[in-house]
Every structure is written in structure tokens, then in C-alpha cells.
Amino acid sequence: MKKTIARILPLAFSFAVACPISVIAQRAEENAVTSADDAFGRRVGSEQIGLYSPSNVRGFSAVAAQNVRIEGLYFDRQGAFTSAIEESSSIRVGISALGYPFPAPTGIVDYTLRRVGKEQVISTRAGFGNFVAPFVSVDAALKVTADMDLNIGVGFEEFATAEGSDFYVARYGGVARWRPVENVELSGFYGRYDYWDEEQAPSFFTAGSFLPPRIPRGKFFGQDWAEWEGHSQNYGFIAKSTVGPWEINAGLFNSRFTIDDFGAALFTDTQPNGLADKRFLLGENQRDESFSGELQLLRRFVEGPRLHKVFASLRGRRVNNDFGGFASVSLGVSPIAETTNEPEPEVSPGSLTEDRIRQWTGAFGYELRWQNQFEVSLGVQRTSYEQTVTLPGELASATSDEPWLWNASAAFTGFDRLVIYAAATRGLEESGTAPQNATNANQTLPALRTRQVEAGIRYTLPHNMRLVAGLFDVRRPYFELDSSDNVFRVLGEVSHQGAEISLAGSPTPGLDLVFGAVLLNPRVSGEAVDDGRLGKKPLGPIETVLDARLNYRIPWFDKLSLDAGIAYTGDRVARIDNSVEIPERVIIDVGARYRFEFAGAPALLRMQLGNLTDEFGWRVSRGGSFRYEPQRRLSMTLTVDY
């Protein structure tokens, strides 16, 4: 396979760079630091920076909670996007979520689809990702007519992991936009990637109150027959129009993620001397699929310095998940850092569990913006939620809820450079899926009621710097592995109280800075804490996070820019009984961009060195599984915009 890749990549890239078309820089100028408005989370192209990510907003996953939007419209994401259709994404939390109709307690992830600029362009990218994994892609931004644009992209890449495994991905997709009349835009998109030979590195579970012993990084200790193969696919349609004071937006989407061949390596009962029981789960035809959409109506009223907005929304989703049926294979007890190639066992996976979710939400809201005085936003929602789970050979069991939800926020804007805001939100959010070591592994967990209050400021400093500081309190039911029967279920309530700070901007010409900090006080309460099954701190959330990113374009040689990132993470609880902690650590990343012309076209050579000091540290996930921090790694990308 690798020899085939080595032959394909040079040919593909040679073909890509030979395509002539009118020129404007596009992919070559993608930069997450220079485009970030704050430190709360920004993704541009393949680069993700900030305190938060779609899977971690104030200690919770916004994607698992289904708080996802595509250009402002509700979207139930099951499968990840590809860069063929995704231009960027932003985390909307705190004051950055003000003005969003019907915000969510655990923040919002808003995706922006690719768009053609003033000129058309073909962007080619080739290089080596982390751990010398090759890739090549071609993306085109074309003006089909004066009223129609088309973005299309294809790519092939190998992914290499910190644990010594690898897999292959082929991606393709496109975005079409048509403006048939003034103030009307119709968009459609389709994006998919197929993956195969995704070897599953082991997850470690210790037998007591200790961390796993340190092992060599970059070596694969699993089995090559415990792997994943499947695809991720997203498509949909968006219509946006403005007619006088009316604005009408609508979106209809499908999202799917499949694991046609499933494998998981679970090294359980790991001892301080490195011995563990090596178990593997094997299955097939795991599927998560959702149809979702939203219709938005907005009416504006202008009254002197006051702008009134009244909006209504209808959202819906239908989720079909099939999971489970795993066959368990044990290879016995042996050292976790021992490499063996065992023959693939012959197993017969069992029947799948069917999980079906239906949800409709009607909402009505009002917003008042009084120029240079204040802003007020109010919203109320009524949602109907039903989940039906059918276990093999058993009758279906159903849960339902029909809560009233609401949100309210106020921002005082009458001060020079200063905005003060406060908000409260009640939501009904998903909780993701059960971990692979649970009896109900991969089961979609029921949606539960959540709530949040917050307050803070935004201050505009000299030299185009923006400071945001806030306090928040998020509360929701707490899911964790029940030691009594190994089922992942609600065991209490968790609260994440904390403070967050963001400082972003350009203090001097050529220098862009993004700095953020989160100070979190996570706590669990309930019967499981009282009887000793859980500690008072939840598993995983980090109490102190500091993240600084900078990009410096050298004034006397502006073809070259340097960038660096420093991320500090404090101690975190590593067992549900709070008897073990993962120590603090600092990760340093450095990089450079060199701009030049290649055959008369703008080009960029991008180099990045991750974990400069080769810091070692463990990560812990729900259910108590451990994996280590990726070691030092180098990546290099050549981008040419034709």
C-alpha cells in the first residue's frame, strides 16, 4: 500500500500544479491565528486553535450535545466534515453567542461552507502530515456563471497516529451556490470521506489507583485485524432570502457515519508492572445517521435608534443509530508494551441494537438593540423528544420529554469601549454515546435538561486588541460508568463553575496574538457521591488551562512568518473515585510559513513542529480509559493557488 501511495502522490501533484486558471490567493492564506476574533476556538482549513474545540466547551462536548449550526441553521451532526466543503468553524460561547437565536448551555459550533471569492482559483496541496504521513488534494473555486459559484475538492491521505498505527482516507465533495434573484441565495453541498485500514491502538484501564506505566511511544501494540473501515457523509440544502424587513432562512441536512468493520483494543486490569488482560471487541455495520433541518423567519422593525427583531423557528431531527452486537476476544495476560501478531479469530458478531430518536422544536424570540445603549434577547422553546431503543430479542423501550425551554440575555453597550453582558439558558441536550468498555457500549445516551448562567465583559483595548472575560455556571446530569454493573448511566449532577479570559488582536504591525485562560471548578453531587461510588470531582475536566498563540510576519522579509503556541494544562482527576490525578504539563508548538511564487502562482510552504520538548503525559476519557499525549512530530505542506 505505501509503495502505491509513493507512486500516486507525485503523479497527482504534478497533474494538480499543471492546471491553469486565473489566480487569487485562497488556501495559501488560511491562518487560524490571524482570523481569530477571540481565544474560544477557531478552525481554518486544517488548523485548530483556542481554549475550546467542538468536543470540549467549558468541559462538555458541543457536538455530542448536538449544538451545531451550518451558517446559523440547526444541524444534527453525526459524521465529520471534510475540508472539501468546510472553510472554517467557530465556537460561539459567552458574549460571542449574543445575537444567536436560541443559544445553548454548552456553546455552539458554527460551520462555514466554502465560498468562491472575487476570482476563481484552483488550490493544490501536498506534503507530509504528522509522523511523515503523505497527502495530496486539489480544491477548485469556480465561477460557473455570474450568478452561480462552485467549490469542488478531492484528496487522498494517509494518517499516522502517535501510537504507531495508520489508516487511509479518500475525500471528495463540493458546494454550489446560486443567486437567481437579488437577495436570494440557494446552496447545496455534498461531502464524504471513506476510510479504511484504521488500526485501533489500545486504550488502557488500570487495576487500581495508579497511572499506567510509561511505554515507548510511536509503537503499535494492538492487532492489525482490530481496525475500522467505513465512511462519513454530509449533504444538504440551504435557502436564504431577504424581502424588505423579512428574512427567511431554511436548511435541510443529512449526516451519516458508519463503521462497516469495527474493532477495539481494551487493555484492562493493567498492573504497575505493565501486565494487562488484552481484550478486543469485534463487530460490524455500526451506523449513526440523522436527518435534520430548520426553518427560520425574522422580521425587523426600526424605530429611531431602536432595532426590534422578532423571529420564529421550527427545528426537527430524525436519528437512526444501529450499534452493538460485539464479539469479545481475549488474548490473555501479557505486557502492554509487547508487540505480537496473533492470527485473526473467527467470530460471529451478534444482532444490533436499534436506537431511534425523533425531536421537534418550535421557538419564538425577540431582540431589541438600542443604539449605544443596550441589547436584550429573549426566547422560548417547546420541544417534543422521543427515544426508542430496541435490544435484540426484546421489546422496544421508549423515553420521552416535552419541556419548555428558554433563554434571556442583556448587554449594556453605552460605555466607551466596554460591553457588559449577562445571560441565562435552559436546554435539552444529548450526552453522546457510552464508551467502549461499558456494557452498553456505543449506545446513544438520552437527552437531558441542562442549564447555564453567565456574565462578563468585552473591552476594546488600544492597538486593535479585544479583551473578553466572563464567569459561568453550567449544570447537567452526570453520566459515568457505574461500578456496580458496568453500565454507563446517570449517577448524579455535575456543575462546571468557572472563569474564562480571551485576549486577541494585533498589538503591533505584523504580530497577531491570541491568548486564553480557563479556570474551572467542576463538581459532582448526588447519591453516587454520597455512597462512595464517585468522588466529588468528575473524570476528565481540566481545572486550569492556559493557551497562547502568536503569528509574526517579519517586516524586513515579509515572505516569512513565524508562529508558536504554548498550552498549559493543570492537574486533572484520572479515576472516578478521585484517587489518582494526571500531573500538569506544558506543550510547545512552533511553525513557519514561507510565501513565494511557483510557476507564477502564489505558493506557501508550511512547516510545523508539534510538542517541541517531547513532553510525555497521559490523557483520560469517560469510562476511565488512558492514552498518551502525542510525541514530537513534524509536518510539512506545500500549497499553490492557481
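What follows is a short walk through the strands, salt bridges and surface charge of this structure. The model is predicted, so a word on the ground rules: local features need pLDDT of at least 70, side-chain atom pairs count only at pLDDT 80 or more, and totals for chains, interfaces and linings use all residues. Residues are numbered from 1 along each chain as its sequence is written, and side-chain values use heavy atoms, with hydrogens and water left out.

Let us start with the strands, which are DSSP runs (E, at least two residues) numbered from the N terminus; two of them pair if DSSP finds at least two bridges between them. One open sheet has six strands in the order β2-β1-β5-β6-β3-β4, with mixed pairing. Its edges are β2 (47-49) and β4 (73-74); each has a single partner strand, so one side of each lacks a neighbour in the sheet. Within this sheet, β5 (residues 86-92) and β6 (residues 108-113) run antiparallel and are joined by six bridges, with Arg92 opposite Ile108 of β6.

Further along the chain, strand β22 (residues 418-429) runs antiparallel to β23 (residues 448-461), and twelve bridges join them; here Leu428 has Arg449 as its bridge partner. On to β24 (residues 465-481), also antiparallel to β23 and held by eleven bridges, where Val474 stands opposite Gln452. Three residues separate β23 and β24 in a hairpin, and His463 in the turn has a positive phi of about 60°.

Strand β23 also takes us to the salt bridges (a side-chain nitrogen of Lys or Arg within 4 Å of a carboxyl oxygen of Asp or Glu). The count comes to 40. One of them joins Glu454 and Arg58 at 2.9 Å, N to O. This pair links distant parts of the chain, 396 residues apart: Glu454 lies in β23, and Arg58 in the loop between β2 and β3 (68-70). Both residues are buried, meaning under 20% relative accessible area, while exposed means over 50% and partly exposed lies in between (1.4 Å probe, protein chains only).

Asp531 and Arg533 form another salt bridge, at 3.1 Å, N to O. Asp531 is partly exposed at 42%, and so is Arg533 at 25%.

Finally, look at the surface, where Asp224, Glu229, Asp260, Asp261, Glu284, Glu344 and Glu346 gather in a patch of negative charge. Patch members have over 30% relative accessible area and no salt bridge, and like charges are joined within 9 Å. Glu346 sits in the loop between β17 (327-335) and β18 (353-370), and counts as exposed because its relative accessibility is 83%.

How values were computed:
Patches are made of residues with over 30% relative accessible area and no salt bridge: like charges are joined within 9 Å, nonpolar side chains (Val, Leu, Ile, Met, Phe, Trp, Tyr) within 5 Å. Accessible areas come from the Shrake-Rupley method with a 1.4 Å probe; for residues, only the protein chains shown count as cover. Lys and Arg count as positive and Asp and Glu as negative; His and the chain ends are not counted. The place of a charge is taken as NZ of Lys, CZ of Arg, CG of Asp or CD of Glu. Helices (H or I, at least four residues) and strands (E, at least two) are DSSP runs, numbered from the N terminus.
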